[in-house]
Amino acid sequence: METTTFPPSELVVTARHNAIQQHLHDLSFEVINLADRERDYIRTIEDLKRDLTVYKTTWDAFSRDRDLALRDRETAVREKETADIEKQMASQSFEEYKRRAESEKEQFIKEIQKLQGSEHRAICVIDGDGTIFAPELLAAGQEGGRSAARLLTEAVRGHLQPSGLERYQLLVYIFYNRRGLVDALGLGKLPDARGGFDEFVVGFNQAGGRFLMVDVGSGKDEADAKLRVYLEDNVRSPQTLKVFFGGCHDNGYLNSLRSAITDGFRDKLVLLPGYDEVASGIANLGLPSLLVPGLFMRQKIITVGRSPTMATQSAGEALSPRRQAKHTASASHDADVDSSSSSAASDVWPPLLTSPPTYKAALQHAPPKPRPAMPSFKSSSSVSEDDSPIEGHRILPRKTGTRRTIPTLPLSKHQPPPCTLFYLSECNRGAECKYSHDYILKPENYDELTRNAKRVPCVTTNKGDNCPWGDNCIYGHKCPDLTRCSFLRQGRCKFIAGESILFHR
């Protein structure tokens with residue numbers, strides 16, 4: 001069936017035309033808006049391009065700076081790593097060098113210590129005149145000497161072990177007066193000890209390479225001087241661990257001990273007493289002691305007899321040489337006894353009246369054979385004029401003064417010179433003497449004084465008489481130059497004996 005189409009009416013056409021016009025108007029408006037927005041977009045794009053350019057410029061600068069910083073950092077890191085490596089290598093080299101140096105130092109020290117004897121030392125210094133070995137050890141001879149050395153060694157070891165001191169060398173120095181000690185043993189009724197004494201010394205000295213008993217000759221001061229020197233030298237040695245001091249019976253060592261304590265060596269000092277009774281001054285020092293049972297005599301030797309003068313002296317006290325001369329002079333009026341014979345002395349001396357002295361006092365005060373007084377003399381040397389000495393022979397050195405001599409200057413050139421009579425015998429002028437009594441003389445000074453005195457003629461001999469002092473006279477009995485004397489050839493020699501030699505050629 002066919003559909004019939006009718007043409008649109010005018011009203012419909014108009015409506016459609018208006019709708020089309022409206023759409024065209026809307027499209028025109030949209031186009032205008034799009035154009036405006038496009039212009040805005042273009043401006044925005046331009047602004048963005050400018051911002052982008054600025055950003056890119058800034059970023060490029062930042063990148064360059066960052067790259068430079070990174071390179072600098074990498075360089076610094078590499079340099080630090082290199083420095084650390086060099087430091088480590090240097091540290092390793094230093095440590096190796098330090099270890100090598102320490103090893104060489106230790107080896108060097110060991111070699112020095114080997115050359116010096118040992119790393120550490122323990123020293124025994126003993127006054128053999130007052131710290132006397134037990135009679136049974138002396139009587140045993142060489143075996144007794146070896147036993148004494150063994151007892152002393154074991155006692156020192158036992159004293160040092162609690163302190164952890166185990167590696168050391170023991171050195172023993174004993175100084176004594178053989179003649180005095182042997183005579184004292186005889187006077188003390190110890191014949192076996194006296195007979196075995198010399199063999200005892202041999203055994204003791206052979207017991208160890210560093211064990212030494214030395215006879216220093218007659219006189220108290222000889223042993224004392226040796227002991228002081230060995231004490232002062234060894235206590236100050238850095239190698240010395242301990243010094244065992246065997247002179248506790250005599251306050252004469254007090255100043256040396258105090259000096260060592262003042263200098264800071266108290267910890268090194270140990271007393272090694274012999275007698276049960278220790279000198280009061282030394283006991284008050286508060287030093288530790290080492291007692292060795294059976295090694296030393298615990299009591300002083302009791303002599304059989306003494307002169308009345310000696311009986312007034314307390315136990316252990318020793319007279320000075322000048323007082324000794326006066327005592328012996330007074331004792332000689334009571335008994336004409338030769339001091340060189342101990343047996344003869346014991347026959348004459350009366351029984352003991354007071355507490356016995358040490359053997360030193362008994363020996364020093366044995367009455368000598370009486371002699372007439374020595375004549376005075378005149379001399380230009382350092383010998384006081386018209387002084388009559390009590391003793392004509394040289395006595396032991398005495399440290400009586402405070403002045404020291406000048407080693408390079410002869411004694412006769414000192415101002416004033418030392419008084420020969422005072423140091424070799426006895427000066428009666430005292431404080432009025434024009435020569436000095438205040439020098440501290442050494443053994444070589446006494447030898448020089450003796451030589452100088454021998455150049456002064458003995459008045460008695462020069463008169464043609466026999467000098468009662470004989471060889472013990474401190475003055476010369478003949479010219480020391482004999483026929484070589486230049487004054488003798490000129491007829492001006494002061495020695496008559498020198499002239500007689502020349503005339504009888």
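How much accessible surface does the protein have, and what share of it belongs to carbon and sulfur atoms? The accessible surface comes to about 29,600 Å², and 53% of that belongs to carbon and sulfur atoms; the areas come from the Shrake-Rupley method with a 1.4 Å probe. Please keep in mind that this is a predicted model, where local features need pLDDT of at least 70 and side-chain atom pairs count only at pLDDT 80 or more, while totals for chains, interfaces and linings use all residues. Residues are numbered from 1 along each chain as its sequence is written, and side-chain values use heavy atoms, with hydrogens and water left out.

**Overall make-up**
- The protein has 18 helices and 7 strands, taken as DSSP runs (helices H or I, at least four residues; strands E, at least two) and numbered from the N terminus.
- Of the 505 residues, 38% are buried, meaning under 20% relative accessible area with a 1.4 Å probe and protein chains only.
- Contacts (heavy atoms within 4.5 Å) often span the sequence: among those between residues at least 6 apart, 72% join residues at least 24 apart.

**Nonpolar cores**
- A nonpolar core is a set of buried Ala, Val, Leu, Ile, Met, Phe, Trp, Tyr and Cys residues joined through side-chain atoms within 4.5 Å.
- The largest one holds 41 residues, and F133, V156, V172, F204 and F244 have the most contacts inside it.
- Among the elements giving two or more residues to this core are β1 (121–127), β2 (169–176), α4 and α6 (197–207), while α3 gives the most, with 6 residues.
- Setting aside neighbours within four places in sequence, V172 touches C124, I126, L152, F204, R210, F211 and L212.
- A second, separate core has 25 residues, including C248, L257, L271 and I282.

**Helix α4**
- Helix α4 spans residues 178–187, and 7 of its 10 residues are buried; among them are G180, D183 and L187.
- At the N-terminal end, N177 acts as a cap, with a side-chain oxygen 3.3 Å from the backbone nitrogen of R179.
- After α4 comes K189, which has a positive phi near 60 degrees.

**Cavities**
- A cavity is a set of points on a 1 Å grid over the protein atoms alone where a 1.4 Å probe fits but cannot get out, and lining residues have an atom within 4 Å of a point.
- There are 2 cavities of 30 Å³ or more.
- The second largest cavity has about 40 Å³ of space, and its lining includes F133, I174, L181, F197 and M213.

Methods. Buried means under 20% relative accessible area, exposed over 50%, partly exposed in between (1.4 Å probe, protein chains only). A polar contact is a pair of N or O atoms within 3.5 Å; within protein, one must be able to donate a hydrogen and the other to accept it, and residues adjacent in sequence count only if both atoms are side-chain atoms. On a 1 Å grid over the protein atoms alone, a cavity is a set of points where a 1.4 Å probe fits but cannot get out, and a pocket is an open set with protein on both sides within 12 Å along at least five of seven lines; lining residues have an atom within 4 Å of a point. Grid points are joined across faces, edges and corners, and a volume is the space filled by probe spheres set on the points.
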